[in-house]
Amino acid sequence: MAHKEVNQPHSCTSRAEFGFCLTKFPLTSFLADRLVADRFGRLAAFFFVAALLCARPAHAHVGSPDVYAEGQAGPYKVFVTLQPPLVIPGVARVEVRTSARQIDKIEIAPMPLTGEAAKHPPVPEMMQRSPDDPDFYTGNLWMMASGSWQVRFLVSGRLGTGELRVPIAATPTAILKMQPMLGAGLFILGALLVLGMVGIVGASVRDAQFAPGIPIPDVRKSARWAMTAALVVLLLAAWLGNKWWNVEAAIYAGNVYQPIAMQASLKTGEKAGEVLDLSLADPASGRQSWMRRRSLDDFILDHDHLMHLYAIREPQMDVVFHLHPTRVAPGEFRLPLPSMPAGAYRLYADVVHADGFPETMVARVTVPKLAGRALSGDDAEGTAPPLESTGMKSAETNFRLPDGYQMVWARPPVLRARRPQVFTFYLLDPQGRPPSNMALYMGMLGHAAFIRSDGAVFAHIHPSGTPAMAAMMLAQPAGNGASNMPAPMDMTMSMPMTSGDSANGALPNKVGFPYGFPTPGKYRIFVQMKHGDTIETGSFDADVPQ
């Protein structure tokens, strides 16, 4: 598993996604077309669509597709979970949890993240309050096109009304196979239908053309010719339907999301290995799909950087760097490397396109022992015990930092996959007290990275949740101007920090990250907080059961 390629769509077949077809055709046309296409197996779509909702590949974060966000809708604090659809058009599931009992109703509406349509929301849908939990609301929204979207939450209650907008990236991300047993059963049913139709044609030639009481001539030969012609016509119709279906499949496959490919190499020369070059390539380049609009030269600033790069040493995950390469040409980034321990590193690079669409790219690089530059600016590093020494069963909640400080995880009593939670961490000084000089790290109280031990899941989280901050800024009404270009640091500073209370104007030493583990497994969590000019990196392990 450790060497399995991540962030790729599921393996494709020659058949398009059934859910896509359900949304594209009226019901009567759907039934008629499927009865002559691909051995009549299309009727299985009604039963198969439910299975499409089980798997959820990712595009923004690796293996972590659901969106988690916490924020203020006017006077109401809400925790939002968005489960994007697997196919486009498709249905996104929306969940909201709040502790504000003053809420009367929550309405939701999908809108493009940028452009003129972002200023004209559709009629909102009413979310349903759970009869068992009055603080829990659910709803569903159709996402009709691929790209950057936002969900607008309109909250009404005794304290007035409020609004929150949360970005979501909508893309078709997988093509699934028909189960062999289901296909065999549908083939048999289709064969019976063909034989029945041929028999009806033969009977109509033998018997249906003669009036009662008139002797019936021997028309068996004509009936056989008619049955043969009917069989040929039905088989031809099935063949043409199969050809049409393959064309639809190819069109759909061209729209399935593929992440930007990234190649990492060390620059050679007198200072060999001291410069990391990252080369980006679009695998969808030249294809007729929604991704033809994707550019390698339209990235916008996110926390004042075009790219956030996490470098994690494999397989022990005992060294982590949070770095920020600079763009030197379209699709080309470069980074003078700091002093690094030798080893193989897995690289995760986050970028955000001008329309707010976020992407995470993955690569590997082997680094010799480097005596490179000193860390500066927002670059940070951290070390942790090797995974084999912890056995990934550690329940430690205190992480001792090299300078005597410690980071504490308020570990939830229960960890479960797909359960939305706020993961809360504290920073304490060597005397066990909150530091008096807490500072913002890139405009936030902290940053966190959740990584599964096999590298198949990576999520870079902020106190506001999983959406990229540049997309969050575009989602705000002030960010939808003519240029659609946010002012990253100013707007980031104005975003609600959501974590902890401040006293006497000082920043809190507590930070919370809304997230839900996407799958069971063994995870390592890297958390970064800042005091003064020092960026601290804590490490915590979590074994998430089924």
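**Close-up views of a predicted model**

**View 1. Glu163 is partly exposed, with a relative accessible area of 33%.** Welcome to the first stop in this predicted model. Glu163 makes a salt bridge with Arg165, and their closest N and O atoms lie 2.5 Å apart. Look at the two ends of the pair in turn: Arg165 is buried, with a relative accessible area of 10%, because buried means under 20%, while Glu163, at 33%, counts as partly exposed.

**View 2. Strands E1, E2, E3, E7 and E6 form an open sheet.** The five strands follow the order E1-E2-E3-E7-E6, with antiparallel pairing. At the edges are strand E1 (67-73) and strand E6 (128-129), each of which pairs on one side only. Further in, strand E2 (residues 76-83) runs antiparallel to strand E3 (residues 90-98), and six bridges join the two. To find your place along E2 and E3, look for Val78, which sits opposite Thr98 in E3.

**View 3. Strand E16 pairs with both E12 and E17.** Strand E16 (residues 343-352) is largely enclosed by the rest of the structure, because nine of its 10 residues are buried. Seven bridges connect E16 to strand E12 (residues 308-314) in the antiparallel sense; here His308 has Asp350 of E16 as its bridge partner. The pairing of E16 with strand E17 (residues 358-367) is antiparallel too, and has 10 bridges. Gly343 stands opposite Val367 in E17. E16 and E17 make a hairpin with five residues between them, and in the turn Gly356 has a positive phi of about 90 degrees.

**View 4. Glu314 and Arg364 form a salt bridge.** The closest N and O atoms of this pair are 3.3 Å apart. The bridge links distant parts of the chain: Glu314 belongs to strand E12 and Arg364 to strand E17, 50 residues apart. Glu314 is partly exposed, with a relative accessible area of 22%, and Arg364 is also partly exposed, with a value of 34%.

**View 5. Asp379 and Arg373 meet through their side chains.** Their salt bridge spans 2.8 Å from N to O. Asp379 counts as buried at 11% relative accessibility, whereas Arg373 is partly exposed, with a relative accessible area of 25%. Elsewhere, Glu314, Arg346 and Arg364 are joined into one network by salt bridges that share partners. If you would like to keep exploring, a search of the whole structure finds 16 salt bridges.

Terms used:
Residues numbered from 1 in each chain as written. Predicted model: local features only at pLDDT ≥ 70, side-chain atom pairs only at ≥ 80, totals over all residues. Heavy atoms only, no water. Pairing = 2+ DSSP bridges. Helix = DSSP H or I, 4+ residues; strand = E, 2+ residues; numbered from the N terminus. Buried < 20%, exposed > 50% of the residue type's maximum accessible area, 1.4 Å probe, protein only. Salt bridge = Lys/Arg side-chain N within 4 Å of Asp/Glu carboxyl O.
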